[in-house]
Amino acid sequence: MKRTETRPVMAGNVQIGGNNHVVVQSMCSIRTSHTDEVIEQILELEKMGCELIRVSVLDPEDAKAISTIKKAIHIPLCADIHFDYKLALAAIEAGADKIRLNPGNIGPRENVEAVVRACKAHGVPIRIGINSGSLEKDIHEKYGKPTAEGMIESARRHVDILEDLDFHDIVLSFKSSDPLLCMEVYRKASEVFPYPLHLGVTEAGTEMTSAVKSTLALGPLLLEGIGNTIRISVNGDARREMPIVNELLKDCRLKDDVPNLIACPTCGRTAWNMKPVVDEMEAWLQTVHKPVTVAIMGCAVNGPGEAKHADIAIAGGHDEGLLIRKGKIIEKVPVSEMTARLKQEIENL
């Protein structure tokens, strides 16, 4: 089941599945009841390209806060709920556009029926999340360890509950900290279920380990047409996730409004301190939504050649560099003015 063939599901005004658009998702790292801080974080994530945000709902105060948060943000909100069906009802009533909840974990059938009725009434889809580290005891004992087959079996149980209630606005995720297991289970899921898939590697660690694990696991899936939403999980500030996911989607040709930053690795030929310029431009470009290629090069050997293929480029020398637009030299720029001139040229494109 490829991206374009999955059942389309609406989370607010964002379609998940049924097309080739991969929705970028993140999750707030702040307690939901701290509304001002949560709103500030979400608005910053929006600027960086986040299209769907998830928040934890641990108690009635968190659920109640959703109403206030929704009024201040511009993207759909998913409420993350475990075990307590009443929190799901409260979150839906407060305006959640989507809920993350496993129907097999919220008690008797009447609890599930109540949640499904509320979801149908408000047009709210349910994401069922299967994690390799929290499989049911009997499934773990059956397979002896987390396996793709066991995760599919677990998902089947939860999906059957919803389908039996004639509910089909479902999104599925299958997460593990093992990138190879992630690849295997998502491939199997794409063959078994008609529902959209949310991609992610759970507990992936720091920026470096998350970037490697997530690219290894999710890059091949994206290129195979598997995956409808995606989150790159990074320990700490949620904003650290966005550059990785944007870069991954851009390089898979699935996101065309992400700048392409080219920077040479530096060597003995480099005669100027280019790292501060590269770092500042990388951070600034996270808020730029244009298909612009920017090259920052360190010497006269490779610099001019790369610059010819960039929209805007700097080929640096000792204390200054050549500013190049569309392959043509515009002017010489002192190192102290490089970032300002690059930003100005990019904004004028």
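**Entry 1: cavities**

I began with enclosed space in this predicted model, and I found 2 cavities of 30 Å³ or more. The largest cavity holds about 50 Å³ of space, and the second largest holds about 40 Å³.

Which residues line the largest cavity? I noted Met48, Asn246, Lys255, Asp257, Val258, Pro259, Leu285, Gln286, Val288 and His289. Sorted by class, this lining comes to 5 nonpolar, 3 polar and 2 charged residues.

For the second largest cavity I wrote down Ile81, His82, Phe83, Leu101, Asn102, Asn105 and Ile106. Here the classes are 4 nonpolar and 3 polar, with no charged residue in the lining.

**Entry 2: the largest pocket**

Next I turned to open space. The largest pocket has a volume of about 420 Å³. I counted 15 lining residues, and those nearest the pocket centre are Pro243, Ile244, Glu247, Glu282 and Gln286. Gln286 had already turned up in my notes, as part of the lining of the largest cavity.

Which elements give two or more residues to this lining? They are helix H9 (242-251), strand E11 (260-263) and helix H10 (275-285). H9 gives the most, with 4 residues. By class I have 8 nonpolar, 3 polar and 4 charged residues around the largest pocket.

**Entry 3: aromatic pairs**

I then looked up ring pairs, and the count is 2. The first one I opened joins Phe174 and Tyr186: the ring centres are 6.0 Å apart and the planes stand at 85 degrees, so I logged the pair as edge-to-face. The cut-off behind that label is over 60 degrees.

Where do the two partners sit? Phe174 is in strand E8 (residues 170-175) and Tyr186 is in helix H7 (residues 179-192), so this pair ties together parts that are 12 residues apart in sequence. Buried or exposed, I asked of Phe174? Phe174 is buried, at a relative accessible area of 0%. Tyr186 also counts as buried, with 0% relative accessibility.

The other pair is Phe174 with Phe193, and this one is stacked, with 6.3 Å from centre to centre and 25 degrees between the planes. Phe193 lies in the loop between H7 and strand E9 (197-199), while Phe174 lies in strand E8, so the pair ties together parts that are 19 residues apart in sequence. Phe174 and Phe193 are both buried.

Putting the pairs together, I get one aromatic cluster made of Phe174, Tyr186 and Phe193.

**Entry 4: Phe174 and the cores**

Phe174 kept coming up, and I followed it into the core. The largest nonpolar core has 79 residues, and Ile99, Phe174 and Ile230 touch the most other members.

What is Phe174 in contact with, once its neighbours within four places in sequence are left aside? My list runs Ile130, Met151, Ile152, Ala155, Cys182, Val185, Tyr186, Ala189, Phe193, Leu197, His198 and Gly200. Both ring partners, Tyr186 and Phe193, are in that list.

I also found a second, separate core of 26 residues, which includes Ile296, Ile314, Leu323 and Ile346.

**Entry 5: what I keep from today**

Two things to carry forward. For open space, my note is the largest pocket at about 420 Å³, with H9 giving the most to its lining. For packing, my note is Phe174, which is part of the aromatic cluster with Tyr186 and Phe193 and is one of the residues that touch the most other members of the largest nonpolar core.

Technical notes: Residues numbered from 1 in each chain as written. Predicted model: local features only at pLDDT ≥ 70, side-chain atom pairs only at ≥ 80, totals over all residues. Heavy atoms only, no water. 1 Å grid on protein atoms, 1.4 Å probe; cavity = no way out; pocket = protein on both sides within 12 Å on 5 of 7 lines; lining within 4 Å. Points joined across faces, edges and corners; volume = space filled by probe spheres on them. Nonpolar A, V, L, I, M, F, W, Y, C, P; charged D, E, K, R; others polar. Phe/Tyr/Trp six-rings, centres within 6.5 Å; stacked < 30°, edge-to-face > 60°. Buried < 20%, exposed > 50% of the residue type's maximum accessible area, 1.4 Å probe, protein only. Core = buried A, V, L, I, M, F, W, Y, C linked by side-chain atoms within 4.5 Å. Contact = heavy atoms within 4.5 Å.
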